[in-house]
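Student: Please take one part of this structure and examine it closely for me. I should then like to understand how that part fits into its surroundings.

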Amino acid sequence: MGLHLGDEAPNFTAETTEGEIDFHQWKAGAWAVLFSHPADYTPVCTTELGRTAVLNDEFNKRNVKSIAVSVDPVEDHRGWAPDIRDVGGTDLNFPIIADPDRKVSELYDMIHPGEGDTSTVRSVFIIDPQNKVRLTLTYPKSVGRNFDEILRVIDALQLTDAHPVSTPADWTPGNRVIVAPTMSTDDAKQRFEQVEEVKPYLRWAAYPQS
Ligand code: BEZ
């Protein structure tokens with residue numbers, strides 16, 4: 001059975017391009033983006049890992065560690081790394097898990113037999129510092145992911161953890177937010193700037209500054 005939001009992200013040990021890791025120890029105190037790709041030396045995957053390397057500073061700023069996984073062996077990951085650098089323009093700066101026995105892929109339900117073979121599809125798990133699964137995405141092999149969207153949802157998760165708010169459709173950082181239904185409009189006016197009640201259940205507020 002697949003993992004649900006709020007479940008504990010299962011721990012595992014695995015060989016990676018940066019040596020053997022215990023997943024929970026490796027991410028201790030940080031958020032993690034654990035994402036699978038179907039295979040090394042393939043075009044879409046090369047662009048995806050290259051993009052993740054380019055965004056490494058953005059992930060670091062948010063206390064997020066990235067880690068990729070595929071069923072290919074670690075020697076293939078290491079051999080492929082220069083191509084990722086050539087295509088993306090940045091050295092591979094995060095680990096890739098080698099999962100030839102499919103231990104991690106099966107633990108996280110990353111293999112979808114209807115998608116053609118026993119390689120992983122493009123799964124994403126955003127996991128918080130308490131090791132809870134906070135967001136999942138699954139893309140087919142033919143469609144590359146949008147890593148700006150992954151950063152956007154991390155920003156939204158971190159904001160809504162810190163304040164009693166939700167984020168509306170197409171929200172981006174800096175834009176107004178929605179006051180949580182558990183907070184009265186009067187209380188919202190004490191706490192937030194520019195509170196506007198457009199419906200009893202829809203109250204806007206300015207982006208929380210602290
Ligand atoms: C790719 O990364 O380009 C790819 C990998 C597996 C299936 C389809 C595309």
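**A close look at one helix**

Tutor: Helix α2 has 12 residues, which at 1.5 Å a residue should span 16 Å, and its end C-alpha atoms lie 17 Å apart, in agreement with that expectation. The expected span is 1.5 Å times one less than the number of residues in the helix. Helices (H or I, at least four residues) and strands (E, at least two) are DSSP runs, numbered from the N terminus.

This is a predicted model, in which local features need pLDDT of at least 70 and side-chain atom pairs count only at pLDDT 80 or more, while totals for chains, interfaces and linings use all residues. Residues are numbered from 1 along each chain as its sequence is written, and side-chain values use heavy atoms, with hydrogens and water left out.

Which residues of α2 are buried? They are Cys45, Thr46, Glu48, Leu49, Gly50, Thr52 and Ala53. Buried means under 20% relative accessible area, exposed means over 50%, and partly exposed lies in between (1.4 Å probe, protein chains only). As background, an α-helix has 3.6 residues a turn, so residues three or four places apart point the same way.

Cys45 deserves particular attention. This residue lies in α2, which covers residues 43-54, and the UniProt annotation "active site", from an unreviewed entry, covers Cys45. UniProt positions are given in the numbering used here, feature names are shortened, and annotations may be inferred rather than shown by experiment. Cys45 counts as buried because its relative accessible area is 0%. Apart from its neighbours within four places in sequence, Cys45 is in contact with His37, Pro38, Ala39, Trp80 and Arg122. Contact here means heavy atoms within 4.5 Å.

Before the helix comes Asp40, in the loop between β3 and α2. Asp40 too is buried, since its relative accessible area is 6%. When neighbours within four places are left aside, the contacts of Asp40 are Ser70, Asp72, Pro73, Asp76, His77 and Trp80. Asp76 stands 36 residues from Asp40 in sequence, but their C-alpha atoms are 6.8 Å apart in space. Trp80 thus appears among the contacts of Cys45 and among those of Asp40.

The wider setting includes a sheet. Seven strands form an open sheet in the order β2-β1-β5-β4-β3-β6-β7, with mixed pairing. Its edge strands are β2 (19-22) and β7 (133-139), each of which pairs on one side only. On average, neighbouring strands of this sheet are turned by 30° against each other, direction ignored. Two strands pair if DSSP finds at least two bridges between them. One such pair is β4 (residues 64-70) with β5 (residues 96-98), joined in the parallel sense over three bridges; Val69 has Ile97 in β5 as its bridge partner.

Two helices lie across this sheet's strands. Helix α4 (residues 74-88) crosses β1 (13-16), β2, β4 and β5, and runs at about 150° to β5. Helix α6 (residues 147-162) lies across β3 (31-36), β4, β6 (122-127) and β7, at about 150° to β3. Axes are lines fitted to C-alpha atoms, for helices over the stretch in contact, and angles run from 0 to 180 degrees between N-to-C directions.

Ahead of β3 is Ala30, placed in the loop between α1 (23-26) and β3. Ala30 counts as buried because its relative accessibility is 4%. Beyond its neighbours within four places in sequence, Ala30 is in contact with Asn63, Lys65, Ile127, Asp128 and Pro129.

Finally, consider the chain as a whole. Its secondary structure comes to seven helices and 11 strands, and buried residues make up 47% of its 210 residues. The chain is divided into domain 1 (13-145) and domain 2 (163-205), with bounds taken from an automatic or database domain assignment. The C-alpha centres of the two domains lie 35 Å apart. Within the bounds of domain 2, β10 (residues 196-199) and β11 (residues 202-205) run antiparallel and are joined by three bridges. A hairpin of two residues connects β10 to β11.
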